[in-house]
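Biologist: Got a minute to go through this one with me? I'd like a quick tour before I set anything up.

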Amino acid sequence: PEHRMSPVVYQRLWSRTATERVIGENGNLQDEPVEVETTQWTRPFNAVATPYELGQGLSLRAGEVTDFNAYTFHFPKEHDKYTYFYADGTSTGKTDQVKRKGTDIGTFAQGSPGPVKLTNQGGSTFLMGNPYLTHLDVQAFLQANQEVSHILLYDGNQANSLILVDGQLVSSQTQTDLLIAPMEAFFVVAKSVTKELNVTLNEAMLRQKQVAPAVRLAANQLKLTAAVGSHRSSCVLLQSNRAADVYRHGEDAELLIDDEVRPQVALFSVSEGKALTIQQVKSTTRIALGLLVNQARDVQLTFEQVGSQWKNWMLEDTASGTLYPLQGTVTLNGITNGAGRFRLVRHVN
């Protein structure tokens with residue numbers, strides 16, 4: 001008989017997007033509110049007859065949030081009904097039927113590459129799963145889906161943005177991470193607000209991880225990485241003559257966090273009150289930065305530059321007036337949640 005109480009398995013489905021406000025701190029200056037886009041899941045549910053559609057993403061957790069044990073999942077082949085249990089493990093005596101096709105028993109449902117229809121309850125963010133038993137190449141995926149602004153991949157701390165600019169891939173991850181694993185879920189952000197999005201999958205996207213093509217990162221790029229212990233969070237800034245200095249949907253990528261599983265650290269830039277993990281600028285001389293941490297702590301900030309466009313820029317601590325060059329690693333002491341204290345400034349000769 002089935003046994004699903006040790007551990008309890010929780011699952012959630014993508015519902016809709018929501019925002020919260022993070023109040024910035026900048027010394028004696030006026031605080032500015034910053035919108036951080038957060039995931040909005042359904043409540044955990046246990047309806048055993050819930051169907052999973054092709055390409056549908058979901059959130060799954062075994063045990064409690066503080067449970068870091070490893071578990072092996074078995075996919076049953078012959079059960080045609082399941083029993084519901086009370087929290088103490090005793091049976092309710094109530095069951096649900098589970099429909100099974102004989103030809104599908106014991107196999108993963110996988111079809112030929114083709115269109116996948118995604119839905120949400122409004123907004124521009126969708127949750128999708130890689131339905132294939134091979135990796136998906138991010139660059140090929142974005143090139144084949146021009147209606148998609150960018151995607152977000154969760155790394156255990158936060159969802160990292162990946163976006164195409166002028167045919168080049170800009171990312172807050174490393175080149176080796178630009179593949180979506182088999183059956184891995186990822187967020188798809190459309191260029192416009194819609195409740196339905198048709199996504200194209202084709203054979204050109206299918207990769208084995210060891211033969212993934214090298215990705216040429218965009219020039220004129222500045223990558224900032226905040227570290228707290230073993231946790232990392234990055235944001236990317238890019239200078240382009242085609243960009244706008246203000247926030248532009250489809251050009252910039254917003255920070256997305258799970259409201260129930262907060263990141264240990266999250267670093268972002270700020271434009272028009274929005275927290276961004278990828279921001280493109282044209283001629284601005286100031287870029288505000290923000291941080292989210294789970295408690296007040298020291299943060300290690302590292303800079304990586306591609307090109308020479310950032311050589312006249314520095315990091316400014318507005319609370320102390322201290323200026324730091326954009327090279328190596330800087331230790332920021334006693335950081336708490338907020339935006340406005342730190343910013344990047346360009347010195348014009």
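**Contacts, cores and a few odd residues**

Modeller: Sure. Among contacts between residues at least 6 apart in sequence, 73% join residues at least 24 apart. Keep in mind that this is a predicted model.

Biologist: Noted. How many helices and strands are there?

Modeller: The protein has 1 helix and 28 strands.

Biologist: And what share of the residues counts as buried?

Modeller: 44% of the 349 residues. As for the outside, the accessible surface comes to about 18,300 Å², and carbon and sulfur atoms account for 48% of that.

Biologist: OK, the inside. Which residues have the most contacts inside the largest nonpolar core?

Modeller: Leu224, Leu301, Leu315 and Leu344, in a core of 25 residues. The elements giving two or more residues to this core are β17 (221-228), β18 (231-239), β21, β23 (286-293), β24 (297-306), β25 (313-317), β27 (329-335) and β28 (338-346). There's also a second, separate core of 24 residues, with Leu136, Ile151, Leu169 and Leu201 among its members.

Biologist: Back to Leu224 for a second. What does Leu224 touch, leaving out residues up to four places away in sequence?

Modeller: Its contacts include Leu301 and Leu344. Leu237, Leu267, Leu289 and Phe303 are also on the list, and so are Ser233, Ser234, Cys235 and Thr302.

Biologist: Why would leucines gather like that, in general terms?

Modeller: In soluble globular proteins, nonpolar side chains tend to be buried together.

Biologist: Then let's try a polar one. Is Gln280 buried or exposed?

Modeller: Gln280 is buried, because its relative accessible area is 5% and the cut-off for buried is under 20%. Gln280 sits in strand β22 (residues 274-281).

Biologist: What does the side chain of Gln280 have for polar company?

Modeller: A polar atom of that side chain lies 2.5 Å from the backbone oxygen of Glu251. Glu251 is also one of the residues Gln280 touches, along with Val165, Leu238, Ser240, Ala243, Ala244 and Asp252, if you skip residues up to four places away in sequence.

Biologist: How far is Gln280 from Asp252, in sequence and in space?

Modeller: They're 28 residues apart in sequence, and 6.2 Å apart from C-alpha to C-alpha. Asp252 turns up again with Ser149: leaving aside neighbours within four places, Ser149 is in contact with Asp252, Gly250, Ile163, Val189, Ala190 and Lys191.

Biologist: Where does Ser149 lie?

Modeller: In strand β10 (residues 148-154). Ser149 counts as buried because its relative accessible area is 4%, where buried means under 20%. The side chains of Ser149 and His150 are joined by a polar contact of 2.8 Å.

Biologist: New topic: backbone angles. Which residues other than glycine should I look at for positive phi?

Modeller: Met183, with phi near 65°, and Glu272, with phi near 50°. Met183 lies in the loop between β13 (179-180) and β14 (185-190), while Glu272 is in the loop between β21 (265-271) and β22.

Biologist: Is Glu272 buried or exposed?

Modeller: Exposed, because its relative accessible area is 57% and the cut-off is over 50%.

Biologist: Last thing, the surface. Which residues form a nonpolar patch there?

Modeller: Leu60, Tyr71, Phe73 and Phe75, with about 440 Å² of accessible area together. Tyr71 is in the loop between β4 (58-62) and β5 (81-85), and Tyr71 is partly exposed, at a relative accessible area of 33%.

Technical notes
Residues are numbered from 1 along each chain as its sequence is written. This is a predicted model: local features need pLDDT of at least 70, side-chain atom pairs count only at pLDDT 80 or more; totals for chains, interfaces and linings use all residues. Side-chain values use heavy atoms; hydrogens and water are left out. Helices (H or I, at least four residues) and strands (E, at least two) are DSSP runs, numbered from the N terminus. Buried means under 20% relative accessible area, exposed over 50%, partly exposed in between (1.4 Å probe, protein chains only). Contact means heavy atoms within 4.5 Å. A polar contact is a pair of N or O atoms within 3.5 Å; within protein, one must be able to donate a hydrogen and the other to accept it, and residues adjacent in sequence count only if both atoms are side-chain atoms. Patches are made of residues with over 30% relative accessible area and no salt bridge: like charges are joined within 9 Å, nonpolar side chains (Val, Leu, Ile, Met, Phe, Trp, Tyr) within 5 Å. Accessible areas come from the Shrake-Rupley method with a 1.4 Å probe; for residues, only the protein chains shown count as cover. A salt bridge is a side-chain nitrogen of Lys or Arg within 4 Å of a carboxyl oxygen of Asp or Glu. A nonpolar core is a set of buried Ala, Val, Leu, Ile, Met, Phe, Trp, Tyr and Cys residues joined through side-chain atoms within 4.5 Å.
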